[in-house]
Amino acid sequence: MLGFLLIPASAFAVSVKARVDKTQMTPDDILTLTVSISDADAEVDTSGIKDFRILSHSTGSSFQWINGKSSHEYTHNYSLSPLKKGHLIIPALTLDDKGSSYHTEPITILVQDSPVSDKDSRDIFVQARVNDDLPYVGQQIVYVFSLYYGIQITNPSLQVPDFKDFMVKETDKDTNVTKLIGGREYNVIERRIVLVPLKDGTVEIPPSVLTCDKVVKQGTQRRDPMDSFFGNSFFGRSRLERKVLRTNPIPIRINPLPANPHDVEFSGLVGQMTLSAAMENHDIKVGDSTTLTLTLDGIGNIMDVEEPKINVPDGLKMYRDNPQEDVTIGRKGYAGKKIFRLALVAIKDGTFTIPPITVNYFDVEKGQYQILVTPAFELDVAPSDQSGERQVAPLINEEGTQDKDRPLRIKKKVEYTGHDILPLKESLDGVENRPGMSLAMFILLLILPALGAGGLKAILLYTGRGKSQASLMVRRAEKALKSAGKSGTPEDEFLSALYRAFISMVLSRGGMVGETLTTAEVRNILTKANLKQEDIHEAEDLLNRIESIRFSGGALNDATRKELMDKTRQTIRRIR
Amino acid sequence: MMIGMRRLTVLGMMSLMIFVHAGAQASEAAREYLEGIQLYNQGHYEKAATLFETVAEKGVINGKLYYNAGNAWFKEGNIGRAMLWYERALNIMPHDPDLRYNHDYVTGLLKDKSEDKTSPVFKVLFFWKEMLNKNIIRWLALGFFLIFWVRVVIGMLNSGRSMKLIDWLFLSLALVFTFTSFNDFYNARFNEHAIVLVESVSVRSGLTEESTELFVLHSGTRVGVDDELRGYVKIRFSDDKIGWIKREDIEII
């Protein structure tokens, strides 16, 4: 039963449809009726609903923008309670919009006391069919498996039969559509498989088996509007119920192909075909070429067809290009075209006739062999501009046209002409044991260099060479500063210790060792160490001051000594 | 002194016997291998395949040997065992052109279409896994680590200089290849695969012959192995199909 009616063309393509959430129920159940109206906002006349009481009514709208066109859909949802038992009817509902009337289709609902026994099968079911159960040998038929589900399912897995008496080719994609059946909306997933019978006789296609998990809501049905939200599996209030569904077996009677009544050899094509032919040029000169194109178009095993026999008159030479196939697998099976391009090269002048080309195929609609015939083609060949008969070595490119600037020669894509595996490897190293690196060996080899480096470091530390020159210099600076800070240190030793502390710290920044530095060297080292200019100036001033006191021999009072000590400490801290 | 001399003589003789035994085993394997090649060339494919398998059972791990076993089983018409040995050979020499050709050819003859679920993004991000074989990746990891540690040692000897950008680069490369290698070791140990050996086998929902048949697999199909229980193996096919199959109907790669 069709649950909706599309109203014939109006300017705004208004459409109205009605659907229900179930078609069988008990008197206590609530039925949800949804009326959807596209591109019109009109009131629905529900006065005709006599078998149900309308409990509630809500509306909604949505807006879509598809391929540059906008559309509005308005929905009216009604909660209906049955007033009696039996086959109740929701009659055709009427809408008036801008002077036009639109109607939905009536929907029948079965109301009975006992719960519906085959509820599962109505919620989810499978079907299988073929588009022709009386095919001929070699005729392609399409096996369609359909899964209908009106509830939430998960983990579907399909096992199709073996199709042992057929050549099998699955279509690339499953289709997914929505269908209204008995007023109820189902998601329908379809898988199409093209089958070509290999021998005649009666065969039975075994059932396809679908396994899936049905999502079952836990607990009692609540009519709380939040129920649909909190009752979902996300909040763990659902469980999965394993379902195994089988289609019915399909008997098929495969007819043998009748005897070929014609003189023309049967091409092996089974289906529905057309043949067309065209010639590029009808007037050429000796040495030039023209392309004859033959196109077989239709439904069937087009890809298997060989090039039709062509009788080329003397005076012409024929060169074949690789046939071009444009065959796709669709709802009806293999369909498309195969194009044969032939380069005809004139080697003599004169008028030549290419006789009609014939293809004998078996037409599955008519159930008989059919002969396809092209017209005859006339070709006028004028003498060449060059004197004498030219040695023709034609070159035809992939498109079958002639390249004028080069000598003519055919180029073809190299393809396998036979299939087999490559031979044995006979060298004796095939018996050598090459187990590859084990995990233990890999870990060992990973660790070894690290252990070596660690051991070397330990040795260097033990021998005292492990410390870097920079750290040695820092230690020396600290030691000298400590020595200078001791009370009672003689003046010359105090100055010498300050100098050593300062120089050592500067050298540590340069990663060097040494005893003395000039002011220029200090500047150079500290500049490379990216010290601030003011700090470098202070360091230079301090060095000049220490050297000046050291070498001038001036006396140091306690205040100057303390001030010099603090200054040195401060500068060393900045340098560090 | 005399006792010491005697001990040395006994030890020497034992070593010689072990050496001679190992040599005899090696020459026996070589003889069987050559005989297998000869039988193959004479068209006795089953005998050749059995001999190649005998050599492999003696512990010889060699991609060429496995390749030859695959060839012999294929010529014998046993696609299941051919795929088993080709897969084993691919683990050792995945880039051998002859092997890849033969493997692809036999794969084209299989009845079950397997879907490669490896994400293309993964293939791009971890391109070296596709380009290099496992042993090369391991040696690269070791090589980069060696270079890194040599540079560290040079740094230690050279006044403790700090690590430079090039050192970090070597360390990064070493870590990448090391992680890849560990991933390979993990997959080899815990992600087992097997080949269906029988012509056609029902994969069932449980561990009995009465369990529901979920789907059917055919000879030569590669499956993942998840579990083994009471003579049945839980297998995985194309990521989304799982079921139980008899242990004797498959062989681990």
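**Exercise 1. Determine how strand β16 of chain A pairs with strand β17 of chain A, and how the pairing extends beyond them.**

Solution. Step 1: strand β16 (residues 175–181) of chain A and β17(A) run antiparallel and are joined by 7 bridges. Strands are DSSP runs of E with at least two residues, helices are runs of H or I with at least four residues, and both are numbered from the N terminus. Two strands pair if DSSP finds at least two bridges between them.

The model is predicted: local features need pLDDT of at least 70 and side-chain atom pairs count only at pLDDT 80 or more, while totals for chains, interfaces and linings use all residues. Residues are numbered from 1 along each chain as its sequence is written, and chains are lettered from A and ligands numbered from 1 in the order in which they are written.

Step 2: A:Thr175 has A:Glu190 of β17(A) as its bridge partner. Step 3: the hairpin of β16(A) and β17(A) has 2 residues between the strands, and A:Gly182 takes a positive phi near 60 degrees there. Step 4: strand β17 (residues 184–197) of chain A is also joined by 9 bridges to strand β13 (residues 141–149) of chain A, in the antiparallel sense. In that pairing, A:Leu195 of β17(A) stands opposite A:Ile141.

**Exercise 2. Establish the strand order of the open sheet that contains β3, β11 and β8 of chain A.**

Solution. Step 1: the order is β3-β11-β8, with mixed pairing. Step 2: β3 (24–25) and β8 (86–90) of chain A are the edge strands, each pairing on one side only. Step 3: β3(A) pairs with strand β11 (residues 107–111) of chain A in the parallel sense, over 2 bridges. Within β11(A), A:Val111 is the bridge partner of A:Met25.

**Exercise 3. Assess the length and burial of helix α3 of chain B.**

Solution. Step 1: α3(B) covers residues 63–76, and its 14 residues should span 20 Å at 1.5 Å a residue; the end C-alpha atoms are 20 Å apart, so the two agree. The expected span is 1.5 Å times one less than the number of residues.

Step 2: 12 of the 14 residues of α3(B) are buried. A residue is buried if 20 or more other C-beta atoms, placed from the backbone, lie within 10 Å of its own. Among the buried residues are B:Leu65, B:Tyr66, B:Ala69 and B:Trp73. Step 3: just after α3(B), B:Gly77 takes a positive phi of about 95 degrees.

**Exercise 4. Locate the largest nonpolar core and its contributors.**

Solution. Step 1: this core has 44 residues, and those with the most contacts inside it include B:Phe52, B:Leu65 and B:Trp85. A nonpolar core is a set of buried Ala, Val, Leu, Ile, Met, Phe, Trp, Tyr and Cys residues joined through C-beta atoms within 7 Å. Step 2: helix α4 (residues 79–92) of chain B gives the most to this core, with 9 residues.

Step 3: B:Leu65 touches residues of both chains, including A:Gly430, A:Val431 and B:Phe52. Contact requires C-beta atoms, placed from the backbone, within 7 Å.

**Exercise 5. Describe the side of chain A that touches chain B.**

Solution. Step 1: 34 residues of chain A are in contact with 40 residues of chain B. Step 2: β14 (153–159) and α3 (439–463) of chain A each supply at least two residues of this side. The largest share, 11 residues, comes from α3(A). Step 3: the residues of this side divide into 17 nonpolar, 11 polar and 6 charged. Here Ala, Val, Leu, Ile, Met, Phe, Trp, Tyr, Cys and Pro count as nonpolar, Asp, Glu, Lys and Arg as charged, and the others, Gly among them, as polar.

Terms used:
Contact = placed C-beta atoms within 7 Å. Lists of a residue's contacts leave out its neighbours within four places in sequence.
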